[in-house]
Amino acid sequence: MLELLNISKRYPVMGGERTVLDNISFQIQPGEKIGILGRNGAGKSTLIRILSGAEPPTSGQVVRGMSVSWPLAFGGTFQEQLSGLDNLRFICRIYNKSVEDKIDFVQDFSELGRYFREPAGKYSTGMKARLAFAISMVVEFDCYLIDEVMAVGDQRFTDKCRVELFEKRADRAMIIVSHNQEFVRSHCHHAKVLNGGRMHHFETIEEGYNFYLTHIAQ
């Protein structure tokens with residue numbers, strides 16, 4: 001189980017503080033898939049970063065009873081002086097995973113060609129996203145964090161990502177942030193709506209979207 005306990009996040013601004021997340025609590029069980037809805041700037045990506053451990057909350061606690069991914073296709077933590085291959089080796093060491101049996105998959109899946117052995121600092125944003133997605137598939141997690149990232153290439157590559165994540169890992173928990181209604185409807189069991197720093201919880205996706213469209217999106 002993954003549990004958030006009274007999570008708040010505040011950022012200093014001119015003249016005081018801005019509260020982005022205000023006392024948020026919820027749980028996600030193994031295999032459960034939750035869609036998080038909200039306007040741009042509502043704090044969805046901040047919440048995903050806190051869940052992944054990339055950013056600490058101002059207060060509250062994240063209890064990780066299962067392994068949690070970084071935000072899929074987020075390549076912002078790559079060591080840019082290292083090659084894609086060496087970044088793979090480095091990440092596998094962090095997660096105590098073997099490396100040699102994963103190299104061929106990551107190289108083929110990411111479609112980086114010779115750049116797989118070039119410094120990541122030379123990569124475009126899309127190349128980093130493809131590498132990050134490929135590495136997340138070989139490290140393996142109990143819960144995947146998906147933050148508007150499925151469009152990391154052309155339609156063929158997006159389809160390849162869908163098969164790896166939603167078909168081959170259909171038993172994993174997922175937290176999905178997306179503005180694509182059909183994407184959320186297709187992959188999530190429940191919906192949550194983030195508004196004004198507070199989280200509203202809904203049993204069904206339709207209930208969540210009805211609340212979002214009625215009270216927020218207007």
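**Briefing: a sheet, a helix and two unusual loop residues**

E111 sits in the loop that links helix 3 (103-110) to helix 4. Keep in mind that this is a predicted model. Below we look at E111 and another residue with a positive phi, then turn to a three-stranded sheet with a helix packed on it. A couple of C-alpha distances between residues far apart in sequence round things off.

**Positive phi in the loops**

- As a bit of background, most residues other than glycine have a negative phi.
- E111 goes the other way: its phi is positive, about 55°, although it is not a glycine.
- With a relative accessible area of 32%, E111 is partly exposed, because that value falls between the 20% and 50% cut-offs.
- E140 also has a positive phi, about 70°, and it is not a glycine either.
- You'll find E140 in the loop between helix 4 and strand 6 (143-147).
- E140 has a relative accessible area of 30%, so it counts as partly exposed.

**The sheet and its helix**

- Three strands make up an open sheet, ordered 2-1-4, and the pairing is antiparallel.
- Strand 2 (16-28) and strand 4 (59-64) are the edge strands; each has a single partner, so one side of each has no neighbour in the sheet.
- From one strand to the next, the twist averages 25°.
- Strand 1 (residues 2-13) pairs with strand 4 over five bridges, in the antiparallel sense.
- Looking at that pairing residue by residue, L5 stands opposite Q61 in strand 4.
- Helix 1 (residues 44-52) packs on this sheet and touches strand 1, strand 2 and strand 4.
- The direction of helix 1 makes about 125° with that of strand 1.

**R39, ahead of helix 1**

- R39 belongs to the loop between strand 3 (33-37) and helix 1.
- Its relative accessibility is 42%, so R39 counts as partly exposed.
- R39 and L213 are 174 residues apart in sequence, yet their C-alpha atoms are 11 Å apart in space.

**G126, in helix 4**

- G126 is part of helix 4 (residues 125-139).
- At 27% relative accessibility, G126 is another residue that counts as partly exposed, because it lies between the 20% and 50% limits.
- G126 and L21 are 105 residues apart along the chain, and 29 Å separates their C-alpha atoms.

Key. Residues numbered from 1 in each chain as written. Predicted model: local features only at pLDDT ≥ 70, side-chain atom pairs only at ≥ 80, totals over all residues. Heavy atoms only, no water. Helix = DSSP H or I, 4+ residues; strand = E, 2+ residues; numbered from the N terminus. Buried < 20%, exposed > 50% of the residue type's maximum accessible area, 1.4 Å probe, protein only. Pairing = 2+ DSSP bridges. Axes fitted to C-alpha atoms, helices over the stretch in contact; angles between N-to-C directions. Contact = heavy atoms within 4.5 Å.
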